[in-house]
Amino acid sequence: MNKGFPKDFLWGAATSAYQVEGAAYEDGKKASQQDIINKENYIKRGFATADIASDQYHHYKEDVALMKEMGFTTYRFSIAWSRVFPDGVGEVNKAGMQYYHNLIDELLANGIEPIVTLYHYDLPWALVEKYNGWAGEEVIALFERYCYTVFERYQYLVKYWLTFNEINGGVTPLGTTLSLSTVKGYNGPVAEIEISSQLRFEALHHQLIASAKVVAYAHKHYPDFQMGDMNVFLTAYPLTCDPRDVLATQKHNNLINWFCSDVQIRGEYPTYMERYFREQNIRLNISESDKEILKKGTVDFYTCSYYMSSCITIHQNKETVEGNLAGGVKNPYLEASDWGWQIDPEGLRYTLNEIYERYGIPIMVVENGLGAKDEKDEDGRIHDSYRIDYLRKHIEAMREAVEDGVDLMGYTPWGCIDLVSASTGEMAKRYGFIYVNKFDDGTGDFSRERKDSFYWYRQVIESNGEDLEYREGK
């Protein structure tokens, strides 16, 4: 008899504050580095900004009602640090705290479990200017204060917490800019920022220490909390059976996919990083106190984003592909999305098995989805069968992973509602089950509409992942 998904499996979706809330400067909120860096970058490329985004700040009750209609049992969202502490320090912004209290109350009233991401790339801009972002060790204590303030306020309302979104993205140049914000003196698009490897890993070390401190504090003061990490998993295969390709892939996986989670789950820097640091001439000041902090602050469950896979090779002149924070070499056996991201459902099953075999703790897939150019048909509806096909295959892969023995606790695909793309700044790159009438030229009334995938996902949740058939017109 097949096992299927657990009865208490968490079904929902995920967003980030910057990409969905809007109200970037309302009710006391000030700029984060997302607001400053991406706004200029997006405008130069002709796209809308996220100052208003999908305006969930003013539409949260409507959005939660739609989530309930779909049958969500969980919703993963992030708290914007600069909405709670506008300058990262000082007095608490009561209006910002109340907004998140209202959102959480609305979720709970509708039977939806909140999963809160404490940091989703949105460091208060004042801390970028004062401390050069996470390159400044002083930011650790400020992050602690922010987290402890949030914990105290929502301690009886939120059980699941994630510290840093895609923390391992910091080992890639683009990910460093988004996640670590070591961009003092910034005056151009993200792609033009260059950050030294030394500074990059110093900043990342500060984030790992901050995460461990916050996790240890939560375990001590709030024993009912479940604390998780969050990694972008950039699954990679050797392009050929050339042993050099295999070794290059292993090196990629160690650095990109395993390094940060090894620290956050095993509580120490892995030995394979010693050689990497030596060869890159990186010298980190990791004290005995730091080592003790990392040991004490290990997470309870593992979460990741999974969108695509790529190949690794040492051979030259191979076709490359785009991706989430990092690309790779094209896999000839896979199709790709409108934005060139290769679609690999079987890779998700492989990935989940690899993660569970390595760590043996519960796993949640907290981002997965298809960015596409949704357009209304002649009947005025969005028939997004391509999105349904993508998600169906990935859910099938997750179900196979559960059959393999993986302890999978939930699934929150990216963007239950259309939002601003972090990678491109477009509203046209749509992920949601819910269509938002907002467009790249700034027009639109923010009205919400149900796509075909809305009804399909409701059916999936109702059947606990058993009924994945797409019935056109339903």
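At what angle do helix 10 and helix 11 pack, and how far apart are their axes? In this predicted model, the angle is about 115 degrees, and the axes lie 11 Å apart. Helix 10 passes helix 11 in a crossing that is left-handed.

Let's see who touches whom. On the helix 10 side there are Lys251, Asn254, Leu255, Trp258, Phe259 and Asp262, and they meet Tyr272, Met273, Tyr276, Phe277 and Glu279 from helix 11. Sort the residues of this contact by class and you get seven nonpolar, one polar and three charged.

**A pocket with helices 10 and 11 in its lining**

These two helices turn up again in the second largest pocket. About 360 Å³ of space lies in this pocket. Its lining is made of 17 residues, and those nearest the centre are Glu268, Tyr269, Pro270, Glu274 and Ile286. Helix 10 (243-266), helix 11 (272-279) and helix 12 (288-296) are the elements that each give two or more residues to the lining. By class, the lining of the second largest pocket splits into eight nonpolar, two polar and seven charged residues.

**Two other helix pairs**

Now for helix 3 and helix 5. Helix 3 covers residues 56-70 and helix 5 covers residues 94-109; their axes come within 9 Å and cross at roughly 10 degrees. That angle is why helix 3 counts as roughly parallel to helix 5. From helix 3, the contact uses Gln56, Tyr57, Tyr60, Lys61, Val64 and Met67, while helix 5 brings Ala95, Tyr99, Asn102, Leu103, Glu106 and Leu107. Eight of the residues in this contact are nonpolar, two are polar and two are charged.

Further along the chain, have a look at helix 13 (residues 345-359) and helix 14 (residues 385-404). Their axes come within 8 Å and cross at roughly 30 degrees. Angles under 35 degrees count as roughly parallel, so helix 13 and helix 14 are roughly parallel to each other. Their crossing is right-handed. Pro345, Leu348, Arg349, Leu352 and Asn353 are the helix 13 residues here, and they meet Lys393, His394, Ala397, Met398, Glu400, Ala401 and Asp404 of helix 14. This contact of helix 13 with helix 14 has six nonpolar, two polar and four charged residues.

Here are the three pairs side by side:

| Helix pair | Crossing angle | Axis distance |
|---|---|---|
| Helix 10 and helix 11 | about 115 degrees | 11 Å apart |
| Helix 3 and helix 5 | roughly 10 degrees | within 9 Å |
| Helix 13 and helix 14 | roughly 30 degrees | within 8 Å |

**Empty space inside**

How do you find the gaps? Rolling a probe the size of a water molecule over the atoms shows where empty space is left. How many cavities of 30 Å³ or more does a search of the whole structure find? It finds three.

The largest cavity holds about 80 Å³ of space. Around this cavity sit Ala17, Tyr18, Glu21, Gly22, Ala24, Lys29, Ser32, Asp35, Ala50, Ala80, Arg83 and Asp122. The lining of the largest cavity has five nonpolar, two polar and five charged residues.

In the second largest cavity there is about 60 Å³ of space. Its lining is formed by Tyr307, Ser337, Trp341, Gln342, Ile343, Gly369, Leu370, Gly371, Tyr390, Lys429 and Tyr431. In the lining of the second largest cavity, six residues are nonpolar, four are polar and one is charged.

Key: Residues are numbered from 1 along each chain as its sequence is written. This is a predicted model: local features need pLDDT of at least 70, side-chain atom pairs count only at pLDDT 80 or more; totals for chains, interfaces and linings use all residues. Side-chain values use heavy atoms; hydrogens and water are left out. Axes are lines fitted to C-alpha atoms, for helices over the stretch in contact, and angles run from 0 to 180 degrees between N-to-C directions. Helices (H or I, at least four residues) and strands (E, at least two) are DSSP runs, numbered from the N terminus. Angles under 35 degrees count as roughly parallel, over 145 as roughly antiparallel, 65 to 115 as roughly perpendicular and the rest as oblique. A crossing is left-handed if the near helix is turned anticlockwise from the far one by less than a right angle, and right-handed if clockwise. Contact means heavy atoms within 4.5 Å. Ala, Val, Leu, Ile, Met, Phe, Trp, Tyr, Cys and Pro count as nonpolar, Asp, Glu, Lys and Arg as charged, and the others, Gly among them, as polar. On a 1 Å grid over the protein atoms alone, a cavity is a set of points where a 1.4 Å probe fits but cannot get out, and a pocket is an open set with protein on both sides within 12 Å along at least five of seven lines; lining residues have an atom within 4 Å of a point. Grid points are joined across faces, edges and corners, and a volume is the space filled by probe spheres set on the points.
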